Amino acid sequence: MDQDNLIERLTILEYAIRQSMTVREDQDEPANPEHKDEAERYGMSLDSAVTKGDLLNAVQTLVRAKQKENIQHGA
């Protein structure tokens, strides 16, 4: 999977996680299994008890890192 495609898929995952949190308190709930599975497919190693908020933060961090990597490599 190329970098641009990975960034796009991670951004879609980020949006899906955000949509699952209708109120601020939702970020302390366990992450949805399908969101966890997708994040793991993209190489993320997650604790079984990861929360929606922690997963969102991890996905956002990975998106930013991949974007920065693309810029540094002149993509």
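Which residues does A39 touch, not counting residues up to four places away in sequence? I began my notes with that.

**Entry 1: A39**

The model I am looking at is a predicted one. Leaving out residues up to four places away in sequence, I found A39 touching L13, M44, L46 and L55. I then looked up the largest nonpolar core, which holds 16 residues. A39 is among the members that touch the most other members, along with L10, L13, I17, L46, L55 and V59. I noted that α1 and α3 are the elements that give two or more residues to this core. The most comes from α1, which gives 5 residues.

**Entry 2: the whole chain**

I counted the elements next and got 3 helices and 0 strands. Along the sequence the pattern reads α-α-α. The radius of gyration is 13 Å, and the globule rule gives 11 Å for 75 residues; these are close, so the chain is as compact as a globular protein of that length. I wrote down the spans of the C-alpha trace along its principal axes, about 40 × 20 × 15 Å.

For burial, I noted that 39% of the 75 residues count as buried. The accessible surface comes to about 5,000 Å², and carbon and sulfur atoms account for 47% of that surface. I also looked at contacts between residues at least 6 apart in sequence: 57% of these join residues at least 24 apart.

**Entry 3: α2**

I went back to the helix that holds A39. The buried residues in α2 are H35, K36, E38 and A39. Seen down the helix axis, they fall within an arc of 165 degrees, so they line one face of α2. On the other side of α2 I found P33 and R41, both exposed. The buried residues of α2 pack against α1 and α3. After α2 comes G43, and I noted its positive phi, near 95 degrees.

**Entry 4: N32**

Is N32 buried or exposed? Its relative accessibility is 18%, and buried means under 20%, so N32 counts as buried. I located N32 in the loop between α1 and α2. Apart from neighbours within four places in sequence, N32 is in contact with S20 and K52. K52 also appears in my next entry, as one of the buried residues of α3.

**Entry 5: α3**

I checked the length of α3, which runs over residues 52-72. At 1.5 Å a residue, its 21 residues should span 30 Å, and the end C-alpha atoms are 30 Å apart, which agrees.

Which residues of α3 are buried? I listed K52, G53, L55, L56, V59, Q60, V63, K66 and N70. These cover an arc of only 160 degrees around the axis, which puts them on the same side of α3. The face turned away from that buried side carries the exposed residues T61, K68 and Q72. I then asked what covers the buried residues of α3, and the cover includes α1 (3-19) and α2 (33-41). Two of the residues on my buried list, L55 and V59, had already come up among the core members with the most contacts to other members. Just after α3, G74 takes a positive phi of about 70 degrees.

**Entry 6: back to the start**

I ended by returning to A39. It is buried in α2, and L55, one of the residues it touches, is buried in α3.

Definitions and conventions
Residues numbered from 1 in each chain as written. Predicted model: local features only at pLDDT ≥ 70, side-chain atom pairs only at ≥ 80, totals over all residues. Heavy atoms only, no water. Helix = DSSP H or I, 4+ residues; strand = E, 2+ residues; numbered from the N terminus. Expected span 1.5 Å × (residues − 1). Buried < 20%, exposed > 50% of the residue type's maximum accessible area, 1.4 Å probe, protein only. Arc of directions from axis to C-beta. Contact = heavy atoms within 4.5 Å. Core = buried A, V, L, I, M, F, W, Y, C linked by side-chain atoms within 4.5 Å. Rg over C-alpha atoms; globule rule 2.2 N^0.38 Å. Areas by Shrake-Rupley, 256 points an atom, 1.4 Å probe, with all protein chains shown as cover.
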